[in-house]
Amino acid sequence: MIIKGLLNRSWQRILFFVALIGLLPLLAAAQTVPIVSGTVTDDLGDPLVGAAVILKGIPTGTVTDLDGAYSIALPSGTTTAELIFSYLGYSSRTERVDLSNSNKVQLDVQLQSDVTRLDEVVVTGVSSATSRKQLGNAISTVDAADLENTGTGNVLGALSGKVMGALITQNSGDPGGGVSIRLRGTSTINGSSDPLYIVDGVIVDNSSQNVINLNADAQGTGFAAGQNRLIDINPHDIERIEVINGAAAAAIYGSLASNGVVQIFTKKGAAGKPQINFSTSISVSDLRQRLDFNMDPMRFGYPGSPRLFTAGDRLTMIADLRSAADKAANPGTGVSALGGALVENQYPVTRYDYQDNIFQTALGTDNYLSIAGGTESTKYYGSISYSKNEGIIRNTDFQKYAAKLRVDQKLSEWARMSIGLNYVNSSSQDMPNGNNFFSPISTMIIIDNVWDITERDEVGNLLHVEPVRMNPLSVIEGFDITQNTNRFIGDLQFSLFPVKGLTLKYILGLDVYSLRGNTYQPRVPYTGVSAAFFPDGYVAVANSNIFKVNNDFTANYSWDISDDFKSTTTAGVSIWYDRSDFSSAEGRDLAPFVTTLAAATNLFAAPRESISEATINGYFLQESIGFKDFLFLTLAGRIDGSSRFGEDERNQFYPKASASLVLSELDFWKNASIANNWNTLKLRFSYGQAGNLTGIGAFTRFTNYATLGYLGRSAIVPSSSLGNPGIRPEQQTEIEFGADLSFLKNRLGLSVTYYTQEITDLLLDRNLSPSSGGASIIENIGEMSNKGVELMLNINPVRTKDFNWEVGVAYNTFQNEVRNIGGGRAGILLRGGGGTQSAIDGQPLGVFFGVQYARNPDGSLLLRPVPTADGGTVMLPQVARGDDVTGELQYDADGQPSGTPVRTILGDPNPDWTGSVLNEFRYKRFGLRVLFDAVWGFDIWNWNSITSNNVGASPLSEQELRGEVPRGWVAAIGGFIGPRIQEQHVEDGSFIKLREIGFTYNAGKIGNVFSNLTISLMGRNLVSFDDYTGYDPETNSAGQSSKVRGDDFGNVPIPRTFQLGLNASF
Amino acid sequence: MKIKKYLSYLLLPLLLLVVSCEQDIPNPNAATDEQILNSTEGLIGMINGMKYRYTAGGASGLYSGISGNGLTTRELVVLNAGNADLAQMENGFDNVAPSNSVISNLWTNLNLLRSDAQKILDNAPGVIVDAGTRSSVLAYAYFFNALSVGTLAQFWEQVPLTTEIDAKFSSRTAALEEAVRLLGEASTQLNTPLSPAVTAKVGTDIDLPNAVRALSARYNLMLGNLDAASAAASAVDLASKSVFKFDNIIPNPVFRSSLITQNVYDVRMLFGLSGALEPDPADGRIDFYLTPNANSGKGFFTADDASVPVYLPGEMILIRAEVLARQDKVGDAVTELNKVLTKTDDTFGVNAGLPAYSGAMDKDAVLQEIYKNRCIELFMSGLKLEDSRRFARPGPNDANPERTRNFYPYPTVERDNNPDNTPADPPV
């Protein structure tokens, strides 16, 4: 193909170029050059390690060593120079040096700590390095120190509680479990709500590929469960993360940016002798909270067979499925099948708590070795790591090998290049995801807990449990499900400084991986299991290959219009290309011994292959004007075109405008007495637009006709989903304004932001009237908005040489609303499989829309009489009824509900607010860090309680057995006497978690071996304060899905983890 | 100058990439409407596509029709009320919401089937050059178009007859008349024998000439065109077989989605018939339809690759019997009825193997016996709701109802997107 050919050709060019560079004699000519050296210390006099020292105007710089010392060589002939000293968390300082008298000058500098970090230099959203002071938008930065010793190997999980305006949810407790980040809420229904991730200039893939649950409906209901591929990024390698939250800041990323941007910078080498760093840790994880099960030693019904294996031994809590013969023997106790009067009789049983058979105490280890160093012209950083973590579900784990190399090479005074190579091999041993009835937790919850699941026959085979269902141990012990990812992320960067003020930069980014999933489910040794669970065995292989390349060229020109006015102009071209292909094959009815596809005798699903290919071309221009250190204005615009868009929609324009006003830089402020205590006041405003194209498939613009094998012939079937030749990306318009303030010598900093996002052209998979010849079409209809406040408070209450105490408080509110998507009162149902998450006009996305209890005016349940087996009646709960179109509740003459079941909004999975409180104490060599994380005001749909009630294993079932609620109560709620009362299963999920607690002891330099040694002991997710009756309200069986949130169905709970770590530098 | 050199190297690959960024990428995974509708091969492939549309999967017209009809007329029983939409169908009456997936699937897939047929009918005349190929393709398209419209008319009071945005609805009588007309068109096309070029690609699982006659008999009977129904039924070769075939990949949907799971629905004891309709315990069809095999499969739903008949020979005989009975030719009607009662050589193995009819020789009694035999002989064929209405059996508003709906409400997907034309829902 043309593209491929040209790409290949351009590849050759690049390779040729790289080879050429290698042959160029590197600049090495030694001559006498002026040198400035000294030490950089903090306001307490301690040396600052790694502080940056940069020569203003020329891209030359260095960093301080372990003693805070630096030495910088200046171009020969330099007489005066300005050096900028900066260090994260400190105000930067610019010092003028005079070299006219001496070639060697000593300059010691002390930096003042600053909790507001206004001098911090950031690049995300502005394309060229800019101090935070100049930004019109909020930006969060997270340093390496905040990502170490967090107890998780997942970088996104480690960000929990550390990013302004972010809702970070670990969706699964699997060791490689998915984590989703929503910046300022959800901004799409059909697409992905996760931000754009950039690692060292490479646009990296963070998708959730399903390669191991092909036989389950785990992904068929709007789900994106399983691992998300940012798991491949190693937190140890990260130097810094910058996060911008929405379109106002991210407009220059165009059609990928409306969910915000997370830019990750990995570590680089510094000039000096090689530094070797080794860290290792071991961790122990286990189930934080157990579920309560029914422990009453009785069961309703009459045992049908000794090991309870007749149809009548099923579901005795809610139904009477006994055989006719059984009924003849015990007459008068109800009708067969569902909906009739229930058996009152009870018989003794042994009850079990299967959790001991499912869960384990999991061990983990994480090892990392890096070496960094270099000369002024060549710097390198290399690392290699290995980690392995067992899951708290038996026979699950996740392990990762990673290697990284970064080489920065100075080619001349005005040319530099950098190459980064990352290789990762991630592999995992998995179990089926939630949302089907053969995941480990679902198998445990969907059977009554009266079967001994550990019992075996004489040859060692496990025995049946409740007919139709799987023995949980058959899953745990038998299933062999693995994933393996080989991933390469590489970048090549050139920076040229041809004339003063002009910077040209080119980045080639590559993200390539292949992910293979293998599933083997052996034949089940007992009968009676539903064919839907593959009792005849199942085997599958699936491959997903992703190839992404981004080319970004930017030209940046800075010049001083006058002494007071400074201008920076940036122009850029981005050419992004991605290709993915997916293939799979499945079989069932397995031959013995063999565990690959070769075992399958029934190839019941045709092999699949699907290729997706898309491009984006973008062009942007940005102009920033600075007036003194006081007013900064930025205007920018980007034009985007993607092959995904309709042919006439390939010129999307995204404008941006922002302003920053630093009032405290004005002379009147500086001279006023207020300046002593109120050090900084910055006002900022930002407006921007950005798009989201993830809801558009590579070929959504076409009406596709599928060709498929049909009984050995070819069938052509028009897709019921029609093509949309005018499809375009979702547009987000965001306005944010805020202020940054600091007080008490920058010991107290406050940052406040208010934002409002309007998303138009929302992409929806809209139903069509079938009579029109299609069932659905993806269209740009509907709108959504997000509003909220972000507040961040940083305090440094105590700051002495021996004792330091820092407090960080974050508080974010969220308010989401969907508009004009139609569908009436019920809106659009987002989750299949009987779920109720819906998009409804005027409501937040994904509210639970279902039927409620019928209630009396005083709020108590309005019960109804239901006939019992002995001819009496029992009063049971029921659903509210009336007119479901209008929502009006109606009653008959007896005061009982009449009409159809009326649905209402039962809950909202979106939190009202999130917050965190981080306390960090350092006393001499001891450190203590405590992070509390709160997510408040959201609801969870507890599927597990529905199933465990109905099978009789739940505490509510226990109450019914004990007569604490009337017989039939569970059946009435569960939908077996009247419609299911869905309200029962919506629970408040609000929680406060002790997310991290960690002790560190820094032994410092030990002999000549260790230049530094740190020991840490930390705990993660140790305590949760919540009222949820399930395992953990921080969960989502729909994984990283944008639209289905707050879903708890057989999902693995997040464990609590203890980690003991050691970090040594040599 | 070195700068220029660096710059040129820097810009060169970039320029190449700018040129290379193609934005009109074709879809390698699927063909487009333009490609298919303008090629003979594509149009022939769409014949198999129509079979696939009608029969494949748990959302297909075939599955939804059998399931909906079976639950409404008490042929079937839901095993796990967790299957909420099926449970709604079983509970019937106003529990059947317009959003119910069983009826939405039935409506959607039958409408799409009509749309598929319409596309072929619109394009084949101008695209297919060979006359024999063209008439064969058109015959299949007319047949499936008729099947779609006729089946819709069994479940809804009003039906759209053409595929268009804001489609208008016509009465079910008009729909059945349209189905009969379309079958007439098919029959006309079949005056030219089916082209081997077409049958080689679509198979002969459906004996099209006989299937066209059989459906014509069925819909004429529903219309009350008794003579036409009888004539068409008599013209069907009872030894001929027309089936929808399945295999492991496209499995028999009733078997795969329901019966084998033992957790969705199952057949009711004695076909759900009681009282005067209760079957004779010696009836061979009890064993055929109600006794499970090792995989819990029953009737025509015993395995993934079990074929489902398009129509049964017994239906044709019973049509003749019914026509005769309605024309007050009770004796002749009983003669036809006895063919079914005493049958032991059915092409599909549906053999009652009973003695001849010995009941009262009055019209009502014979019609009731014909109805009973339709219930048994045509068990799980999707026809019972129509039969129950035609034979005026106790409906949802009567005591001891034998069906829990007369017609289905119009699915939400239709009403929401075609609000001006979608008729009011029937009360039951």
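The exchange below asks how several descriptions of this predicted model are reached.

Me: What makes Ile489(A) count as buried?

Reply: A residue is called buried if 20 or more other C-beta atoms lie within 10 Å of its own. Ile489(A) has 24 other C-beta atoms within 10 Å and is therefore buried. This residue is found in strand 25 (residues 480–496) of chain A.

Me: Which residues is Ile489(A) in contact with, leaving aside its neighbours within four places in sequence?

Reply: Contact requires C-beta atoms within 7 Å, and on that basis Ile489(A) is in contact with Val199(A), Val202(A), Val204(A), Asn422(A), Leu510(A) and Asp511(A). As for Gln652(A), the C-alpha atoms of Ile489(A) and Gln652(A) are 29 Å apart in space, with the two positions 163 residues apart in sequence.

Me: Why is Asn746(A) called buried, and where is Asn746(A) found?

Reply: Asn746(A) has 22 C-beta neighbours inside 10 Å, and the cut-off is 20 or more, so Asn746(A) counts as buried. Its place is the loop between strand 36 (730–743) and strand 37 (748–760) of chain A. Its phi is near 60°, a positive value in a residue other than glycine. Most residues other than glycine have a negative phi.

Me: What is the phi of Asp761(A), and why does Asp761(A) count as buried?

Reply: Phi of Asp761(A) is positive, at about 55°, although the residue is not a glycine. Asp761(A) lies in the loop between strand 37 and strand 38 (763–767) of chain A. With 20 other C-beta atoms within 10 Å, Asp761(A) is buried, because the definition asks for 20 or more.

Me: How do you know that strand 54 and strand 55 of chain A pair?

Reply: Pairing needs at least two bridges between the strands. Strand 54 (residues 939–942) and strand 55 of chain A have three bridges and therefore pair, in the antiparallel sense. One of the bridge partnerships joins Ile940(A) to Glu987(A), the latter in strand 55 of chain A.

Me: Why are strand 55 and strand 58 of chain A said to stand at the edges?

Reply: The sheet is open, has three strands in the order 55-54-58 (chain A), and its pairing is mixed. Strand 55 (986–988) and strand 58 (1047–1048) of chain A each have a single partner strand, so one side of each is left without a neighbour in the sheet. Helix 10 (residues 943–951) of chain A lies across strand 54 and strand 58 of chain A, and runs at about 35° to strand 54 of chain A.

Me: How do you know that strand 33 of chain A and strand 1 of chain B are paired across the two chains?

Reply: Strand 33 (residues 704–710) of chain A and strand 1 of chain B are joined by two bridges and run antiparallel; because pairing asks for at least two bridges, these strands pair. Tyr705(A) has Ala31(B), in strand 1 of chain B, as its bridge partner.

Me: How many residues does the contact take from each chain, and which helix gives the largest share on the side of chain B?

Reply: The contact takes 70 residues from chain A and 67 residues from chain B. On the side of chain B that touches chain A, helix 1 of chain B gives the largest share, with 12 residues. By class, this side has 35 nonpolar, 20 polar and 12 charged residues.

Me: What makes Ala146(B) part of a nonpolar core?

Reply: Membership asks for a buried residue of a listed nonpolar type, Ala among them, joined to others through C-beta atoms within 7 Å. Ala146(B) is, with Val137(B) and Phe143(B), one of the residues that touch the most other members of the largest nonpolar core, which has 315 residues. Helix 7 (residues 131–155) of chain B gives the most to this core, with 14 residues. The core also draws at least three residues from each of domain 2 and domain 3 of chain A. Not counting residues up to four places away in sequence, Ala146(B) touches Ala179(B), Leu182(B), Leu183(B), Ala186(B) and Leu215(B). A second, separate core of 18 residues includes Ile54(A), Ala81(A), Val97(A) and Leu111(A).

Methods
Residues are numbered from 1 along each chain as its sequence is written. Chains are lettered from A and ligands numbered from 1 in the order in which they are written. This is a predicted model: local features need pLDDT of at least 70, side-chain atom pairs count only at pLDDT 80 or more; totals for chains, interfaces and linings use all residues. Helices (H or I, at least four residues) and strands (E, at least two) are DSSP runs, numbered from the N terminus. Two residues are in contact if their C-beta atoms, placed from the backbone, lie within 7 Å. Axes are lines fitted to C-alpha atoms, for helices over the stretch in contact, and angles run from 0 to 180 degrees between N-to-C directions. Ala, Val, Leu, Ile, Met, Phe, Trp, Tyr, Cys and Pro count as nonpolar, Asp, Glu, Lys and Arg as charged, and the others, Gly among them, as polar. A residue is buried if 20 or more other C-beta atoms lie within 10 Å of its own, exposed if 12 or fewer, and partly exposed in between; C-beta atoms are placed from the backbone. Domain bounds come from an automatic or database domain assignment.
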